Amino acid sequence: MDYMIRKLTDCPEMKEYAAEWFHQKWGVPLETYQASMDEALKEESVVPQWYMAVKDSRIIGGLGIIENDFHDRKDLTPNVCAVYVEPEFRCQKIAGRLLDFVCDDMSSCGIETLYLVTDHTSFYERYGWEYFCMVQGDGEDEMTRMYIHKSEKVPVLEKMDVFFENRLEGYDRHMRQEVDDGSENGFYKFTAAQLPFFAGCEILDLGCGTGIELEEYFMINPDAVITGIDLSQAMLGALAKKSLFKNMKLICGSYFDVPLGIEKYDVAVSVESLHHYTEKEKLSLYRNLFRALKDGGYFILTDYFAESAALEREYFENLAYLKKKAKYNRSCILSLRHPITA
């Protein structure tokens, strides 16, 4: 969609229109916006600032930077405020582009850390924001979530193998305690229980990592024959040190590229790995898997799934945008940091 992000100091003629627009969206007195924008236009300090997404002279989205967004933590400053996109223009990544633009602009002015108060629980994480603490809003009965964004010293995007190597220490604990619930009904135990129990069965683990699911399976069937494929040599090294199965072959590489063979495995399994890839990419893998499974074989997939096809499409479009912005080749296998893995 054709639109521009405009900074108020670059288009002062929009001040009255912008103040009225934010006033209509949030109900904060018009005079408050006018006063803040007047202060921004003096250009005597970095904060406050105001930004608008403009299409054909119409404001379709916007946000501001102010010292404090009406809460008790005056030390947590400056704050992104008044984030809004017109309903008919939502789900087109406009809010994300605004947030990226503002974070980059503030960073260029020497402000590396921004804060934001919100009732949302899963929106800002998509754009590199992390939950920080609860704050008390002025005149509010309930506490409100505060998020933080720090200009990246470590890239938001990292090559997949590097991403996991950088998180090897403490990875198993994090996955067992923060992602899995560690109970008898946890997905690692559940996944292992779906695999065959007979000795000598051939198991292919795609994206095996440190083999947490294989630890659970070892307790059930220590005589299985395991082939594990993973991009990270460091993760495979950690798995090898666990000395689980007598017959275990570990391959460092992409399971899209490693030959899987024909009618070789009784079962294939993948845990928390395939969400990194698009449907088109996975379909090619599934065809290879079908050929690699013996007659009667099956594939167990335990993974994250987007709430809708539209949301999944938005996630991958956002990833493509970030890859382009970071000048990565489109074919490069990357991971996007998010609260579950960061």
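**Close-up views of a predicted model**

**Figure 1. The whole chain, for orientation.** Among contacts in the chain with a separation of 6 or more, 66% join residues that are 24 or more positions apart. Keep in mind as you look around that this is a predicted model. The chain has 342 residues, and buried ones make up 46% of them. Its secondary structure comes to 10 helices and 14 strands. Taken along the principal axes, the C-alpha atoms fill a box of roughly 75 × 40 × 30 Å.

**Figure 2. Aromatic rings in pairs and in a cluster.** The structure holds 20 aromatic pairs. One of them joins Y124 and W129, whose rings meet edge-to-face, with 6.5 Å from centre to centre and 70° between the planes. Are Y124 and W129 buried or exposed? Both Y124 and W129 are buried. Elsewhere in this set of views, look for W21, F22, W26, Y33, W50 and Y84, which ring pairs link into a cluster.

**Figure 3. Arginines over tyrosine rings.** Y84, a member of the ring cluster, also has a charged companion: the charged end of R90 sits over the ring of Y84, 5.1 Å from its centre. A second example brings together R176 and Y188. Here the charged end of R176 sits over the ring of Y188, at 6.0 Å from the ring centre.

**Figure 4. The largest nonpolar core and another core apart from it.** Which residues touch the most other members of the largest nonpolar core? Of its 40 residues, they are I203, L204 and Y217. Strand β12 (residues 265-271) supplies the largest share of this core, five residues. Apart from this core lies another, of 25 residues, and I60, I94, I111 and W129 are among them. You have already met W129 as the partner of Y124.

**Figure 5. A closer look at L204.** Leaving aside residues up to four places away in sequence, L204 touches T227, I229, L260, Y265, V267, A268, V269 and L289. Of these neighbours, L289 leads on to the next view, as one of the buried residues of helix α9.

**Figure 6. Helix α9 and its two faces.** Helix α9 (residues 279-292) has 14 residues and reaches 20 Å from its first C-alpha to its last, close to the 20 Å expected at 1.5 Å a residue. In this helix K282, L285, L289 and A292 are buried. Seen down the axis of α9, the buried residues fall within an arc of 70°, so they line one face of the helix. An α-helix has 3.6 residues a turn, so residues three or four places apart point the same way. On the face of α9 turned away from the buried side, you will find the exposed residues E279, K280 and F290.

Terms used
Residues numbered from 1 in each chain as written. Predicted model: local features only at pLDDT ≥ 70, side-chain atom pairs only at ≥ 80, totals over all residues. Heavy atoms only, no water. Phe/Tyr/Trp six-rings, centres within 6.5 Å; stacked < 30°, edge-to-face > 60°. Buried < 20%, exposed > 50% of the residue type's maximum accessible area, 1.4 Å probe, protein only. Lys NZ or Arg CZ within 6 Å of the ring centre and 35° of its normal. Core = buried A, V, L, I, M, F, W, Y, C linked by side-chain atoms within 4.5 Å. Helix = DSSP H or I, 4+ residues; strand = E, 2+ residues; numbered from the N terminus. Contact = heavy atoms within 4.5 Å. Expected span 1.5 Å × (residues − 1). Arc of directions from axis to C-beta.
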